[in-house]
Amino acid sequence: MEEKNFSPIRKHQIKIKKPFKLNYKEKIVCPYCNNSEEFYEVIENATFLIYYVQNPDGTLEPIEEETEVLGPVKFFCGNCHADLTMLRNKRNNKK
Ligand SMILES: [Zn+2]
């Protein structure tokens, strides 16, 4: 749609596409330390594609960004760093 009429001059927008969603309906609780607040995700083998426009003064301005995740996405407890990927996947499939 809009991407085909992509005009780098008029549009200034950074777009990040993610092929996965974090839609939490239930809480994840780390079975090792009971942490339910802090988590982090490690994305392996991701490609970032950033489009730039060069300004007259030679500076580069990012106008669009795309992320393509090729590798596995791992989910860790932010407290004890246990791998909770299975826990999250199990919950996501429940629906
Ligand atoms: Zn933990």
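**Close-up 1. Phe-39, partly exposed in strand 1.** Phe-39 counts as partly exposed because 17 C-beta neighbours sit inside 10 Å, and a residue needs 20 or more to be called buried. This is a predicted model, so keep that in mind for every view here. Phe-39 belongs to strand 1, which covers residues 39-43. Skip the neighbours within four places in sequence, and Phe-39 is still in contact with Ile-28, Phe-75, Phe-76, Cys-77 and Gly-78. Val-29 is another residue to look for: 10 residues away in sequence from Phe-39, with 9.9 Å between the two C-alpha atoms.

**Close-up 2. The whole protein chain, for orientation.** Let's step back for a moment. The protein chain has 4 strands and 1 helix, and reading along the sequence gives β-β-β-β-α. Just 3% of its 95 residues count as buried. Among contacts with a separation of 6 or more, 64% come from residues 24 or more positions apart.

**Close-up 3. Strand 2 and its antiparallel partner, strand 3.** Strand 2 takes in residues 46-54, and the number buried among its 9 residues is 0, so strand 2 lies largely in the open. Strand 3 (residues 60-69) runs antiparallel to strand 2, and 9 bridges join the two. For one facing pair, find Tyr-51, which stands opposite Glu-64 in strand 3. While tracing side chains here, remember that in a regular strand they alternate between the two faces of the sheet. The hairpin made by strand 2 and strand 3 has 5 residues between the strands, and Gly-58 in this hairpin takes a positive phi near 90 degrees.

**Close-up 4. Asn-45, a positive phi between strand 1 and strand 2.** Most residues other than glycine have a negative phi. Asn-45 is not a glycine, yet its phi is positive, at about 60 degrees. You'll find Asn-45 in the loop between strand 1 and strand 2. Asn-45 counts as exposed because it has 10 C-beta neighbours inside 10 Å, and the cut-off for exposed is 12 or fewer.

**Close-up 5. His-81, a positive phi on the way to the helix.** Here's another residue other than glycine with a positive phi: His-81, near 65 degrees. His-81 sits in the loop between strand 4 (73-77) and helix 1 (85-94). Is His-81 buried or exposed? His-81 is exposed, because 12 other C-beta atoms lie within 10 Å, and 12 or fewer is what exposed requires.

How values were computed
Residues numbered from 1 in each chain as written. Predicted model: local features only at pLDDT ≥ 70, side-chain atom pairs only at ≥ 80, totals over all residues. Contact = placed C-beta atoms within 7 Å. Pairing = 2+ DSSP bridges.
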